[in-house]
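Q: I'm new to this one. Can you put it up and walk me through it?
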Amino acid sequence: MIRRVVLAASVLCLAGCRSEPERPRTQPWKGTVDTLAGGTVRVTNPTEGIWTEADRWHFVAERRIGGADSGAFSFGEIVGVAPAPSGDIVVADGATQEIRLFDASGRYLNTLGHKGKGPGEFADIIGLAWDPDARLWVADAGNSRYIAFRATGGDTLRTIPRRVPGALHPWVAGFGDDLNLYDAGAEPRADGGTDFAFYRIDPLMGTLFAKLPPLTYRVARTALNGNAAPPVLSALIPRFTFAFGPNRYLWFGTTDRYEITQRTWLGDTVRIINMETQPISVTDAEKDSISQELTRTARLYARPWGRSDIPSVKPAFVRIFTGPDSTVIVQPSASPADEGRIFDVFDSSGRYLGRATSDVAFITYPVRPVFTEEFVYGVTATKTGAQQVVRARIYRGPGR
């Protein structure tokens with residue numbers, strides 16, 4: 001049995017109602033809510049959100065770090081960005097296996113670790129996280145351990161084993177509101193699917209408290225999503241993606257359709273968010289570029305790949321993130337000019353607020369942008385291809 005509720009055209013006040021000065025009002029939400037027989041809530045959203053120009057988010061870059069030819073401001077491949085509670089910015093470089101610290105103004109402070117297997121050294125950094133006591137944790141899949149640092153001085157405070165199988169990129173784990181460390185790993189299945197397993201870890205002893213219920217991803221096998229598909233086609237292949245929320249919810253979906261599921265970390269499905277969208281076509285210019293790359297790398301593959309293998313439309317979305325005020329942020333597929341510059345924002349109940357825009361194009365693989373109340377921290381590339389860390393301020397309202 002499905003119980004349908006159509007929300008009335010009432011005025012929503014998202015950030016707390018204020019009498020002075022009067023704030024422009026949001027638009028009424030025009031979506032629907034279905035309560036399924038098992039209690040799961042399905043939220044269906046139209047393409048129009050409830051934000052007016054007075055509420056809309058704009059990301060404006062105000063600090064850039066990197067882009068130099070050498071030294072601490074030269075990055076090979078950034079694999080982690082973690083804003084510190086103090087405002088400092090911590091960056092993990094996968095090419096050098098170093099952790100570099102910068103203050104809020106972008107001034108270089110210190111480097112932690114380097115490539116190796118000894119104490120305080122790294123073999124394959126996959127992510128960074130801050131615990132409630134403002135200690136920096138580094139997930140090192142190559143050495144199968146987590147290392148906790150006092151970031152200001154670089155002292156190693158604790159090393160615990162990492163028993164999670166494999167390494168997911170980008171890393172989507174971190175600390176929950178229960179003060180435990182959560183991590184995820186992928187385990188292949190005999191039927192060709194993949195189990196994404198989740199683990200709750202004691203940050204003091206490294207004990208695996210529990211293996212949480214897995215998510216199983218199965219996709220129809222085609223020539224495109226086979227293991228031999230060229231990397232240049234990877235962005236056009238539907239994939240499974242998910243995001244942790246510190247309040248012990250997991251958001252996930254397969255990118256072939258705009259549907260996001262909310263699940264508790266114990267396995268109970270709470271909410272399904274749907275979005276009415278139009279397919280984004282792969283442009284002729286994109287097909288030309290992909291075709292050229294397929295021709296250039298043809299000798300690497302057992303079968304020839306050509307223009308006829310390129311899909312005509314892109315997946316519905318790219319990745320899921322969690323943001324301030326328990327918002328869910330989705331990176332939709334976009335035209336080349338808008339890639340990494342537009343994000344769809346939903347409130348904690350699944351209602352579509354609207355589209356946020358950015359004046360900088362964020363790279364979302366292999367490092368995810370971090371959304372805080374005031375800023376977005378992420379990675380972009382210069383015209384020469386050099387990587388930079390960007391801190392962009394979140395402006396709410398018109399004029400940007």
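A: One term before the pocket comes up: Ala, Val, Leu, Ile, Met, Phe, Trp, Tyr, Cys and Pro count as nonpolar, Asp, Glu, Lys and Arg as charged, and the others, Gly among them, as polar. Also, this is a predicted model.

Q: Fine. How do the residues lining the second largest pocket divide, then?
A: The lining has 30 nonpolar residues, 13 polar ones and three charged ones.

Q: How much space lies in that second largest pocket?
A: About 1,100 Å³.

Q: And which residues are closest to its centre?
A: Ala 173, Phe 244, Pro 246, Thr 322 and Val 370, out of 46 that line the second largest pocket. Among the strands that each supply at least two residues of the lining are β5 (78-83), β17 and β21 (317-322).

Q: Let's back up. How many helices and strands does the protein have?
A: One helix and 27 strands. The radius of gyration is 22 Å, close to the 21 Å that the globule rule gives for 400 residues, so the protein is as compact as a globular protein of that length.

Q: What share of the residues counts as buried?
A: 51% of the 400 residues.

Q: Which members of the largest nonpolar core touch the most others?
A: Tyr 146, Phe 198, Phe 242, Phe 244 and Leu 250, in a core of 31 residues. Strands that each supply at least two residues of this core include β14 (181-188), β15 (194-201) and β17 (240-245). β15 gives the most, with five residues.

Q: What does Phe 242 touch?
A: Leaving out residues up to four places away in sequence, the partners of Phe 242 include Leu 168, Ala 184, Phe 198, Leu 250, Ile 320 and Arg 368. Another core lies apart from the largest one; this other core has 21 residues, including Ile 50 and Val 376.

Q: Now the backbone. What's usual there for phi and for peptide bonds?
A: Most residues other than glycine have a negative phi, and most peptide bonds are trans.

Q: Where are the cis bonds you can point to, such as the one at Pro 170?
A: That cis bond runs from His 169 to Pro 170, with omega near -5°. Pro 170 sits in the loop between β12 (155-161) and β13. Another cis bond joins Tyr 365 and Pro 366, with omega about 5°, and Pro 366 is in the loop between β24 (352-358) and β25.

Q: What is the phi of Arg 248?
A: Positive, about 65°, although Arg 248 is not a glycine. Arg 248 is in the loop between β17 and β18.

Q: Why does Arg 248 count as partly exposed?
A: Because its relative accessibility is 38%, and partly exposed covers what falls between under 20% and over 50%.

Technical notes: Residues numbered from 1 in each chain as written. Predicted model: local features only at pLDDT ≥ 70, side-chain atom pairs only at ≥ 80, totals over all residues. Heavy atoms only, no water. Core = buried A, V, L, I, M, F, W, Y, C linked by side-chain atoms within 4.5 Å. Buried < 20%, exposed > 50% of the residue type's maximum accessible area, 1.4 Å probe, protein only. Helix = DSSP H or I, 4+ residues; strand = E, 2+ residues; numbered from the N terminus. Contact = heavy atoms within 4.5 Å. 1 Å grid on protein atoms, 1.4 Å probe; cavity = no way out; pocket = protein on both sides within 12 Å on 5 of 7 lines; lining within 4 Å. Points joined across faces, edges and corners; volume = space filled by probe spheres on them. Rg over C-alpha atoms; globule rule 2.2 N^0.38 Å.
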